Amino acid sequence: MTDTPLPPDAPIAVKDPSRLSLALQSDFIYQFKRSPVAVVSFALVALLVLSAILAPLIAPHNPFDPGSLNLMNGFSAPMTPNAFTGETFWLGTDDQGRDVFSTILYGMRISLFVGAAAVAFAMVLGITLGLLAGYVGGWTETIIMRVADVQLTFPAILVAMLIFGVAKGITPVEYRDQMAIWVLIIAIGLSDWVQFARVVRGATLVEKNKDYVAAARLIGRTGPAIMLRHILPNVLSPVLVIATISLALAIIAEATLSFLGVGAPPTQPSLGTLIRIGQGFLFSGEWWILLFPAMTLLALALSVNLLGDWLRDALNPRLR
Amino acid sequence: MLAYIIQRVGQSALVLLVVGLVAFSMFRFVGDPIDNMLGQERTQADIERLRDVLGLDQPFVVQYYKFLSGAVQGNFGVSYRQGRAVSEILVERAPATLELAAVSGFLAISIGIGLGVFTAIRRNGVAANLIMSVSLIGVSLPTFLIGILLIYLFSVELGWLPSFGRGETVRIGGWSTGFLTQSGLRALILPSITLGLYQMTLIMRLVRSEMLEVLRQDYIRFARARGLRERAVNFRHALKNTLVPVITVTGLQLGSIIAFAIITETVFQWPGVGLLFINAIQFVDIPVMAAYLMLISVMFVGINLIVDLLYFAIDPRLRADRTAGH
């Protein structure tokens, strides 16, 4: 601490703790610090997300700038030098001489963006429909939950594939590659909203009979205001858990679709696309083109998954 | 009970009707069928004739009805890409997928239940803990990575097993089978493990947790006290009582095996229906996509219905509840 005296009118921090310091002393943070799995997986997720966001700064090359590529560098093994500049290719290069480390960083950007956007889309849709179903009830509820039941009969990845296929059919040929990422987000999002809707509906059914909702209704608040301002904040913690686990699933779904060739286009390769490309070189011995993107995908999916599992246990007081 | 069955069958029929509507809308509104079927050199007369043949000038409901009645009779139109009847292509591809799914399902159920019982009985043993940890990794690995890993190990490095295709097949009537030749059987090994692994771990974990639950019950203790052999207690008394949830989940997983066959078939270039579907999406071959959607829905809805009814038949408590409730 510094010795400089406080100005006379300074607020006394001890009596009125800031929101941040309250949050830091919370039970949640305490639980987090005590669990090595949570700390390690959180650190890994943070590292991966940060390096994806900062890809243009970290990556030694821009894999999408044809000027920086040289075919003479193609198929360099990991840790071999660039034939022209002498820089080291840490993770080797692919057939076109693209630095694998750089393509992974840029690919992870796309994987994470698609995953996060798809989950956000699914979350907004699921929360809205779940709140409506739980709060309004009646026919609205019946229709929403029946649709959810039917969709749950089919595996999410199949639903996503179908939506992707139909959307591809609707978009004109010249826009297909540009639209692919957005179509992918919508397809994965639409295949995943049911989980959110079911949980939010269940929680809303419990919350709506509590006194505070009755009080809000008494002072004349309208339905949407009660749903969004009063009920929603109280049903958010299970939503957070599902969102984290959904993120891992969405990243894997995106990778699977891209791997199958019905996802991110070769012009915007995600980790799945990179694995698809790398598989072609498995037999000729260039293992690094496949291995490193695969490991990155695995690390990403596994760490997000473990974090989600921990969140589920930490936010569920019954399990303690 | 009859009312319940009728209700469930009615629900299933409704779902299929809706799926049929989706498939029909894809067929009708995604791209122009006339554009897709006629080449660049077409006359107005050609267009009119095809419009008439396809019945595109008729009201929507009539067209939907025709589409459905065609689909029920196995007529899904002509593939845009291959220029052949979709039903013909499907019949040709179906054996590959069904054989793969059957072997994977068998592996998943037999090994899954076996390992589940083992890990439950020896729940503190080293081997059981090892199996549990490995299964955790198995659940987190995406299917396609498992496939690639197996190909790398057994085809590239060891050179023991083929990495793609079905090997030699023998035709029996309209069915081409890989079961009768050595290369066909060898080709089945890696894809069926890839496809069945996830379901296997799922069944194993389920059987384990159910077994642990049951083994704690009083009647197991009494069975032991009566001096029954360990094996009789474990299998005849304990395993039998875990089967209700296991059958439900396993039944539902059979549908997933067919769906996830898409991924496995792509990794191993297995000439089945799943690979056909992926190619159809890549080339926007709408009739094939619509037909696949219809087929897989019939399968899923059918499996769900059967599982529900089975559940009902197996567990007498449910029956009592239903009849008392209604």
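The following dialogue examines a predicted model of two chains, A and B.

Colleague: How do you know how much confidence the predictor places in chain A and chain B?

Modeller: On the pLDDT scale, which runs from 0 to 100, chain A has a mean of 81, and 83% of its residues reach 70 or more. Chain B averages 80, with 91% of the residues scoring at least 70. For the complex, the predictor gives an ipTM of 0.78 and a pTM of 0.81.

Colleague: Which elements of chain A have the lowest and the highest mean pLDDT?

Modeller: Strand β2 (residues 88-89) of chain A has the lowest, at 66, and α5(A) the highest, at 91.

Colleague: What makes up each chain in terms of helices and strands?

Modeller: Chain A contains 14 helices and two strands, while chain B contains 13 helices and two strands. The C-alpha trace of chain B spans about 85 × 65 × 35 Å along its principal axes. Among the 326 residues of chain B, 36% are buried; of the 320 residues of chain A, 42% count as buried.

Colleague: Why is B:Thr242 called buried?

Modeller: The term requires 20 or more other C-beta atoms within 10 Å. B:Thr242 has 23, so B:Thr242 is buried. This residue lies in helix α10 of chain B and touches B:Val207, B:Glu210, B:Met211 and B:Val214, leaving aside residues up to four places away in sequence. By contrast, the C-alpha atoms of B:Thr242 and B:Ile47, 195 residues apart along the chain, are separated by 62 Å.

Colleague: Why is B:Gln269 called exposed?

Modeller: A residue is exposed if 12 or fewer other C-beta atoms lie within 10 Å. B:Gln269 has 12, and therefore B:Gln269 meets that limit. Its place is in the loop between α10 (230-267) and α11 (273-282) of chain B.

Colleague: What makes the backbone of B:Gln269 worth a remark?

Modeller: Most residues other than glycine have a negative phi. B:Gln269 is not a glycine, yet its phi is positive, about 45°. A positive phi, near 85°, is also found at B:Gly74, which follows α4(B).

Colleague: How do you know that helix α4 of chain B has close to its expected span?

Modeller: Helix α4 (residues 60-72) of chain B has 13 residues, and the expected span is 1.5 Å times one less than that number. The expectation is 18 Å, and the helix reaches 18 Å from its first C-alpha to its last.

Colleague: How do you know that chain A and chain B touch?

Modeller: Contact requires C-beta atoms within 7 Å, and 28 residues of chain A are in contact with 27 residues of chain B. On the side of chain A that touches chain B, the elements giving two or more residues are α6 (138-153), α7 (156-170), α12 (236-260) and α14 (288-315). The largest share, nine residues, comes from α7(A). By residue type, this side of chain A divides into 20 nonpolar, seven polar and one charged.

Colleague: Which residues touch the most other members of the largest nonpolar core?

Modeller: Of its 157 residues, they are A:Ala160, A:Leu184, B:Met289 and B:Ala290. Helix α5 (residues 100-136) of chain A gives the largest share of this core, 19 residues. Not counting residues up to four places away in sequence, A:Leu184 touches A:Val114, A:Phe164, A:Glu254, A:Leu257, A:Gly263 and A:Ala264.

Note on methods
Residues are numbered from 1 along each chain as its sequence is written. Chains are lettered from A and ligands numbered from 1 in the order in which they are written. This is a predicted model: local features need pLDDT of at least 70, side-chain atom pairs count only at pLDDT 80 or more; totals for chains, interfaces and linings use all residues. Helices (H or I, at least four residues) and strands (E, at least two) are DSSP runs, numbered from the N terminus. Two residues are in contact if their C-beta atoms, placed from the backbone, lie within 7 Å. Ala, Val, Leu, Ile, Met, Phe, Trp, Tyr, Cys and Pro count as nonpolar, Asp, Glu, Lys and Arg as charged, and the others, Gly among them, as polar. A nonpolar core is a set of buried Ala, Val, Leu, Ile, Met, Phe, Trp, Tyr and Cys residues joined through C-beta atoms within 7 Å.
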